[in-house]
Amino acid sequence: MKNYLYYLTTWIAATIVLSSCQPTDTENMKVREINSNWKYAQVNGDLSGEATVPGVIHTDLLNNKQIEDPFYRTNEKDQQWIDKEDWEYSTNFVLSAQDLKYDNMVLNFEGLDTYADVYLNGEKILEADNMFRRWEVDIKTLAKEGENELKIYFHSPIKKGLELLETADYAYPAINDQSENGGLGDKKVSIFTRKAGYHYGWDWGPRFVTSGIWKPVMLKFWNELRINNVFIKQPSVTKKLAKLEAVIELQLNEDTEVSVIVINKENNHILAEQKNVVSKDDNSISIPFEIQNPKLWWSNGLGDAHMYAFEVKVMKGNKELASSTVNSGLRSLKLIREKDEVGESFVFELNGVRVFAKGANYIPNDNFVTRVTKADYEKIIADAVNANMNMLRVWGGGIYENDYFYDLCDQNGIMVWQDFMFACSMYPGNDRMLASIKEEAKDNVIRLRNHPSIAVWCGNNEINAAWSYYSDGGWGWKETYTAEQREEIQKAYLDIFHDVLPEVVSNYTDGDDYWPSSPQAGFEPDKHAGYENTAGDMHYWGVWHGKHPFEDFDKYKARFMSEYGFQSFPDFETVKKYAIPEDFDIESEVMATHQRSGIGNLRIKEYMSWDYKVPEDFEHFLYMSQVLQARGVKMAIEAHRRAMPYCMGTLYWQINDCWPVASWSSTDYYHKWKALHYAAKRAYEPLMISSFLKNKELDLYVVSDLLEGFEGQLQIAVLDFEGKVVNEKSLDIIVGANTSTFVQSLDIKTLVGKASKSDVLVNVKLVKGQEALTTNNFYLVKPKEQTLPEVHLSTSLVEEDGKQILEISTDKLARDIYLNIPDQEVFFSDNYFDLLPGEKHQLAISGSGEFSLDKLQITHLQEVQR
Ligand code: BMA
């Protein structure tokens with residue numbers, strides 16, 4: 001992993017703008033990006049300036065110093081006027097006589113956000129209305145030699161939305177659309193526009209409804225033929241043989257005889273060659289081929305995520321007419337839903353292995369995604385890998401991510417649960433909307449289908465549950481509508497999620513799995529998810545929304561836990577970036593602006609008071625909120641893993657943030673790991689010892705993702721906080737392969753003997769032969785019921801193999817040790833850990849500048865709970 005400083009500085013510089021596809025020039029195809037000399041202008045006002053493309057109006061105004069940093073303090077409130085304006089973007093590009101000689105010339109818009117009228121040399125060539133679509137316009141007849149003028153008129157998405165609301169017969173639910181913050185009262189307009197839902201606000205996000213050219217604009221020229229698309233289908237992949245099929249779609253001027261070659265770029269080996277006569281109307285070529293003993297693509301933890309590069313060349317005689325390279329990994333990956341004694345399984349099977357999915361939900365990395373850099377993407381995926389994850393869910397209220405995101409998931413063995421972009425709202429289902437959704441789905445499915453990481457396509461986030469009756473365990477949205485309206489909204493729902501989307505997945509992928517809504521208790525639309533499902537996936541928000549205690553994570557488990565979580569505040573170092581000392585109170589206006597869940601602060605305080613003393617001090621409160629979040633989510637992850645193979649996946653809400661905010665995230669906007677990310681890394685280790693505390697017993701489990709079982713030993717030591725051994729025992733166990741093994745219920749009275757259970761901890765080690773494989777500590781009472789001793793910590797800093805290693809030890813038990821160097825960008829390879837008396841712990845420090853022990857700040861639970 002590259003060091004944190006590298007990511008941070010690149011992030012701050014934020015100069016590398018990602019292009020969603022890599023244009024390649026070949027002899028026959030010329031690609032030119034139109035990304036320079038763009039200007040923007042306010043249509044009904046005076047603001048104008050140089051524009052960055054790809055970009056959006058907010059970042060252009062910011063770059064030209066016409067607005068302040070949108071994320072600073074309460075600036076968001078003053079910037080709500082921007083989305084009510086129309087904006088015009090324009091540039092000129094020059095075409096040579098040579099350019100005009102090409103038979104074909106198109107303008108490609110990889111993404112326009114959102115209501116955009118495009119004019120070339122004064123003529124309207126496109127009316128775009130869906131942020132998620134790609135557009136291509138033939139400009140052969142309109143383009144001229146010399147200067148060409150390109151103008152894009154962006155209509156205010158809010159004004160357009162209001163017009164659509166006017167014509168609608170009723171309002172639609174959109175619980176996270178912060179219309180009030182946008183000055184619109186209760187007018188929720190987000191649902192009318194195919195645009196990222198979170199732009200309109202969310203319970204972790206601000207409201208910035210952007211406009212702009214958010215993906216590259218390209219000019220493409222070619223002569224007789226071009227490759228529109230290559231799809232490497234994988235009809236059958238086993239260890240011994242991959243049966244594959246390259247499906248190549250061509251676009252050509254006239255019927256032509258071509259030969260097509262498929263090459264394995266790794267060794268330049270020709271995998272297949274086929275002669276075809278292709279016509280203008282029937283231009284798809286299918287070439288079967290095989291690879292013996294293929295190197296398979298595995299998810300993180302199970303093996304290499306091997307990628308193949310397939311080059312396709314279209315030849316006419318000896319002349320290459322077009323070529324294209326597709327990267328893909330060979331694997332069979334299926335969502336297995338089969339009936340069993342308890343219900344129906346929900347498990348991903350990769351190359352015949354039933355994989356327990358470990359990961360998190362993922363949201364866009366910024367409100368202004370065009371400034372997310374390659375380094376940001378690399379960092380977030382590295383953080384997922386580093387935390388032993390193998391799956392991320394690209395959640396439906398954001399965007400279909402950038403190609404680079406999926407490339408990284410491919411390379412790192414991170415499976416992707418891909419939502420279509422629909423979340424927590426009902427949507428109109430008129431013909432225009434359905435047609436737009438269909439094209440959006442096609443564009444994105446075709447763009448992403450070669451990525452081996454894509455594990456499932458999911459219709460939407462939480463809509464099935466939200467729409468259904470209270471009595472069915474739902475949120476009861478339908479109860480507020482008349483029978484007629486209900487029928488109409490329901491029809492739109494079924495059309496989108498049970499007709500249009502599954503049909504696109506089935507027509508344009510190689511049998512990829514589709515799941516209509518997350519969560520759902522079965523495929524059929526009436527299978528609403530509640531708290532008791534024995535089929536499908538589950539979002540468990542009893543902890544947090546329902547005020548259930550953390551212990552209930554063990555009670556409510558389904559076949560796949562695709563959401564659950566708990567909030568925390570960001571690190572103080574992060575807070576200092578958006579707030580000033582007078583704001584340092586969680587109820588201050590600035591801190592409240594950066595906390596978008598109405599119940600957020602209350603919930604954090606209430607849960608904190610159940611398990612800890614609630615500190616008065618601001619910094620201590622931030623720290624405690626992170627320790628609390630980590631404690632809760634760790635309990636959840638362990639409960640879900642203990643429930644293997646009944647439960648086969650756990651994705652907590654959420655790995656990242658789109659701005660600096662109090663939220664459910666485990667890494668913040670600046671990629672700073674919260675206590676939760678460190679806890680998740682431990683809880684997601686392939687081998688994990690876990691326990692569940694009952695009244696009189698401690699149930700011990702060992703969970704293993706390893707594909708082979710083994711014989712080992714559990715060494716159990718009951719220690720007091722000064723390190724004295726109160727009791728010890730050792731158990732011979734057999735650790736099952738790829739499952740959870742219940743070891744024993746330990747009687748607490750026997751375990752602690754004369755000691756008090758509030759004064760001891762249970763340290764358990766898993767040992768195989770002489771090798772210590774993993775360890776975990778368990779406490780028998782809540783933290784606030786413990787009297788933690790005063791501690792003396794010793795630290796030293798050494799350099800080993802060019803790395804700065806911090807060694808830390810303690811005389812007595814120290815809990816939740818948090819290391820920080822104020823005002824310095826540092827990454828500690830471990831943090832927020834417990835240290836046993838006499839234990840020495842080594843961890844690496846990386847980041848900017850010299851590290852000095854004098855500046856090292858150590859916080860621990862006993863200090864904060866005093
Ligand atoms: C789930 C998500 C998000 C939301 C989160 C926290 O419902 O799907 O909509 O941000 O919970 O409330």
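Good morning. I begin with one interface: domain 4 and domain 5 bury about 700 Å² between them, and carbon and sulfur atoms give 65% of that area. I start from an area because the size of an interface is often given as the accessible area lost when the parts come together. Please keep in mind throughout that the model is predicted.

Which residues of domain 4 supply the most of what this domain buries against domain 5? The three are F721, E722 and Y779, which together supply 56%, more than any other three residues.

Let me now place these two domains in the whole protein. There are five domains: domain 1 covers 4-219, domain 2 covers 224-328, domain 3 is made of 353-567 + 646-683, domain 4 covers 687-785, and domain 5 covers 793-864. Between the C-alpha centres of domain 4 and domain 5 the distance is 26 Å. In terms of residues, ten from domain 4 are in contact with eight from domain 5.

I turn to the polar side of this interface. Side chains of opposite charge can pair when their charged atoms come close. How many salt bridges does the rule find across the interface of domain 4 and domain 5? The rule finds one. The side chains of E722 and K812 meet in a salt bridge, at 3.8 Å from N to O. E722 is thus a residue to remember, being also one of the three that I named for buried area. Across this interface there are also two residue pairs in polar contact. On the domain 4 side, the elements that give two or more residues are β31 (710-720), β34 (760-768) and β35 (771-779). Sorted by class, that side has five nonpolar, three polar and two charged residues.

My next topic is the ligand. Its surroundings include W202, D203, W204, W395, E462, W541, W653 and W664. Three polar approaches to ligand oxygen atoms deserve mention. A polar side-chain atom of E462 lies 2.6 Å from an oxygen atom of the ligand, and one of W204 lies 2.7 Å from a ligand oxygen. For W395, an N or O atom in the side chain is 3.2 Å from an oxygen atom of the ligand.

Returning to salt bridges, the count by this rule comes to 51. One of them joins the side chains of D129 and R432, at 2.8 Å from N to O. The pair links distant parts of the chain, 303 residues apart: D129 is in the loop between β7 (123-128) and β8 (135-138), while R432 is in helix α8 (residues 431-448).

Finally, I come to the backbone. Most residues other than glycine have a negative phi, and most peptide bonds are trans. Where should one look for departures from this pattern? The peptide bond from D113 to T114 is cis, with omega near -5°, and T114 sits in the loop between β5 (104-109) and β6 (116-120). A cis peptide bond also joins W653 and Q654, with omega about 20°. Q654 belongs to the loop between β28 (649-652) and α15 (675-683), and W653 is one of the residues around the ligand. Lastly, N268 is not a glycine, yet has a positive phi of about 55°; N268 is found in the loop between β13 (256-264) and β14 (269-278). Thank you for your attention.

Note on methods. Residues numbered from 1 in each chain as written. Predicted model: local features only at pLDDT ≥ 70, side-chain atom pairs only at ≥ 80, totals over all residues. Heavy atoms only, no water. Domains from an automatic or database assignment. Contact = heavy atoms within 4.5 Å. Buried area = accessible area lost by both parts, 1.4 Å probe. Salt bridge = Lys/Arg side-chain N within 4 Å of Asp/Glu carboxyl O. Polar contact = N/O pair within 3.5 Å; in protein donor to acceptor, adjacent residues only side chain to side chain. Helix = DSSP H or I, 4+ residues; strand = E, 2+ residues; numbered from the N terminus. Nonpolar A, V, L, I, M, F, W, Y, C, P; charged D, E, K, R; others polar. Near = heavy atom within 4 Å.
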